[in-house]
Amino acid sequence: MMDYRSLDLRGTPCPLNYIRCKLTLETMIEGDCLEVILDRGEPEDMVMSGLRSAGHQVVMSVNHSAWIHLRVICGG
């Protein structure tokens, strides 16, 4: 059964937001889904690039003026 988790990291500074995503994904298996809400700007850039570099699939599902909602599929 696929695991589904979510993190609301609005207001969480860099690099803590990336670290929280990474730690959560480490407890998940390949194909599991993590929904993440982040502030725009540096958090968006840092988390998206870091997770993609780590082998996870990252898709923006909601694009708000102040925050974004990401769907991250665990790469294992």
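Which side chain meets that of Asp-8 in a salt bridge? In this predicted model, the partner is Arg-10, with N and O 2.5 Å apart. Neither end of the pair is shut away: Asp-8 is partly exposed at 44% relative accessible area, and Arg-10 is partly exposed too, at 39%. The count of salt bridges comes to five, and two others from that set are picked up further on, once the sheet and the helix have been laid out.

The sheet is a good place to start. Four strands make up an open sheet in the order E1-E2-E4-E3, and the pairing is mixed. Strands E1 and E3 (57-63) sit at the edges with a single partner strand each, so one side of each has no neighbour in the sheet. From one strand to the next, the twist averages 20°.

The mixed pairing shows up when the strands are taken pair by pair. E1 and E2 run parallel and are joined by five bridges; within this pairing, Arg-5 has Leu-34 of E2 as its bridge partner. On the other hand, E2 (residues 33-39) and E4 (residues 67-73) are antiparallel, with seven bridges between them. Here Leu-38 stands opposite Ile-68 in E4. Helix H1 packs on this sheet and touches E1, E2 and E4, its direction making about 175° with that of E2.

How much of E2 is buried? Six of its seven residues are, so the strand is largely enclosed by the rest of the structure. As a bit of background, side chains in a regular strand alternate between the two faces of the sheet. One residue of E2 worth a closer look is Glu-35, whose side chain meets that of Arg-71 in a salt bridge with an N to O distance of 2.7 Å. Since Glu-35 belongs to strand E2 and Arg-71 to strand E4, the pair ties together parts that lie 36 residues apart in sequence. The two ends differ in their surroundings: Glu-35 is buried at 3% relative accessibility, because the cut-off for buried is under 20%, whereas Arg-71 is partly exposed at 39%.

A more local salt bridge is found in helix H1. Glu-26 pairs with Lys-22, and their closest N and O atoms are 4.0 Å apart. Both residues lie in H1, four residues apart, or about one turn of the helix. Glu-26 counts as exposed, with a relative accessible area of 54%, since the line for exposed is drawn at over 50%. Lys-22, at 40%, is partly exposed.

H1 (16-26) also contributes to a nonpolar spot on the outside. Leu-16, Ile-19 and Leu-23 form a nonpolar patch on the surface, and together they have about 260 Å² of accessible area. Of these, Ile-19 lies in helix H1 and is partly exposed, with a relative accessibility of 39%.

That leaves the loop leading into the helix. What kind of peptide bond joins Cys-14 and Pro-15? The bond is cis, with omega at about 0°. Cys-14 is in the loop between strand E1 (4-8) and helix H1, and Pro-15 is found in that loop as well. At 23% relative accessible area, Cys-14 comes out as partly exposed. Setting aside residues up to four places away in sequence, Cys-14 touches Glu-42, Pro-43 and Met-46. Leu-34, by contrast, is well removed from this residue: the C-alpha atoms of Cys-14 and Leu-34 are separated by 19 Å, with their positions 20 residues apart along the chain.

Thr-12 is another residue of the loop between E1 and H1. Is this one buried or exposed? With 13% relative accessibility, Thr-12 counts as buried. Leaving out neighbours within four places in sequence, Thr-12 is in contact with Asn-17, Arg-20 and Asp-39.

Key
Residues are numbered from 1 along each chain as its sequence is written. This is a predicted model: local features need pLDDT of at least 70, side-chain atom pairs count only at pLDDT 80 or more; totals for chains, interfaces and linings use all residues. Side-chain values use heavy atoms; hydrogens and water are left out. Helices (H or I, at least four residues) and strands (E, at least two) are DSSP runs, numbered from the N terminus. Buried means under 20% relative accessible area, exposed over 50%, partly exposed in between (1.4 Å probe, protein chains only). Contact means heavy atoms within 4.5 Å. Two strands pair if DSSP finds at least two bridges between them. Axes are lines fitted to C-alpha atoms, for helices over the stretch in contact, and angles run from 0 to 180 degrees between N-to-C directions. Patches are made of residues with over 30% relative accessible area and no salt bridge: like charges are joined within 9 Å, nonpolar side chains (Val, Leu, Ile, Met, Phe, Trp, Tyr) within 5 Å. Accessible areas come from the Shrake-Rupley method with a 1.4 Å probe; for residues, only the protein chains shown count as cover.
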